[in-house]
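Biologist: Before we discuss anything, could you put the structure up for us, please?

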Amino acid sequence: MKAVAVFPGSRQVTIIEQEDPLIARPDQVLLRMLDIGICGTDKEICTFEYGTPPPGDDYLVIGHEALAEVTHVGSAVERLRPGDLVVPSVRRPCPHPGCLACRSGHQDYCYTGDFRERGIKEAHGYMAEYVVDRERNLNLVPPDLREIAVLAEPLTIAEKALGQISWMMQQRPPWTDPQTPPEERGQGLSALVLGIGPVGLLGAMALVSAGFTTYVYSRETPPHPRIDLVAAIGATYVSSQAATFADLAEQMGNIDLTYEAVGHSHFALEALQVLGINGIFVLTGVPGMQAFIEADPARLMRDMVLKNQVLLGTVNAGPDDFTAALRNLHVFRHRWPEAVQTLIAGRHPPEQAPELILGRPTGIKTVIAF
Ligand SMILES: [Zn+2]
Ligand SMILES: [Zn+2]
């Protein structure tokens, strides 16, 4: 079978031929891969900034945002049947008995760093015709989400953040009642999304769905299909070329929540300076090598203390976040059927993967389809 692999030693990204994988344990499932999304992490792996092959291999099969069809199940598989659609999770637990996070099924909070991630760190990914995985790593997808379920994994970033925020919002002003339905949690609150990449746009959709008055701030200027999407979901787009952070803060009023999805340190720092009273600032971007910047930590500390602010970093996602993402994709599809159509820029054969990963992104989410 075909797979798309990166060879860090010889600095190559190429299609390889591999043996078809086989079910080796009773709790395993054989998957035929349908859609694999390409994201910034794949680009970093394919430019050799990031990514580690499994021990003993000189290559890593990439791909971590996936949708697959179950073709065979092991004898101990209970929930899944051939024909089911699934979205696999990415991170696998570390082996340490003392890691409370991994031992309780929350490897997204792993303490040791010795976790593996499929398609990223020490485990082959999903950009292959067939893949074997354990049932417990697979999230069942309703058939009507076939066209967009490949977006579930990038949406889990926002879902994990929202899950954390919802919990915090019960303890902080305006003291959200835990019984509040998910679509009303952000009512009366303002949210600022930084960046209009897929993580930012999906985050904006999740925030609008949660009732926040949502602004999206990024460098791009209209006309731009991503800016059109922001408008289509009822959020307000402001370009950094047209308005400063101070202008934005004036327009928004108290910024209750900032969702950073750029991974640019200077941009994030400037945004932190306009975070509102009792505001929560969520960081999801991972900056690469960037120039040193001047900062005023005393001012930041003063602001954070005097304004009761929270700074929250979040990575990866747990099973509940996948469930929430699939639920929300359903909501998005019903609420914004046309906008959702534009999220997937195109489906391409695996042979085009290297150039698509290394080229400039064109639409919103580029997908490799086997
Ligand atoms: Zn990704
Ligand atoms: Zn761990």
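Modeller: The largest share of the lining of the largest cavity, four residues, is supplied by α3, α3 being one of the helices, which are DSSP runs of H or I with at least four residues, whereas strands are runs of E with at least two, both numbered from the N terminus. This is a predicted model, in which local features need pLDDT of at least 70 and side-chain atom pairs count only at pLDDT 80 or more, while totals for chains, interfaces and linings use all residues. Residues are numbered from 1 along each chain as its sequence is written, and side-chain values use heavy atoms, without hydrogens and water.

Biologist: Which elements each supply at least two residues of that lining?

Modeller: They are α3 (152-169), α4 (198-209) and β15 (257-260).

Biologist: What makes the arrangement around the zinc ion (ligand 2) tetrahedral?

Modeller: Cys94, Cys99, Cys102 and Cys110 each coordinate the zinc ion (ligand 2) through SG at 2.3 to 2.4 Å, and donors are N, O and S atoms within 2.8 Å of the metal (3.2 Å for Na, K and Ca). Four donors count as tetrahedral if all angles lie between 85 and 135 degrees; the angles here are 102 to 116°, and therefore the arrangement is tetrahedral.

Biologist: What spacing do the donors follow along the chain?

Modeller: The donors of the zinc ion (ligand 2) follow C-x4-C-x2-C-x7-C.

Biologist: Are Cys94 and Cys102 buried or exposed?

Modeller: Both Cys94 and Cys102 are buried, a word that stands for under 20% relative accessible area, with exposed over 50% and partly exposed in between (1.4 Å probe, protein chains only).

Definitions and conventions. Chains lettered and ligands numbered in written order. Tetrahedral: all angles 85-135°; square planar, octahedral: opposite > 155°, others 65-115°.
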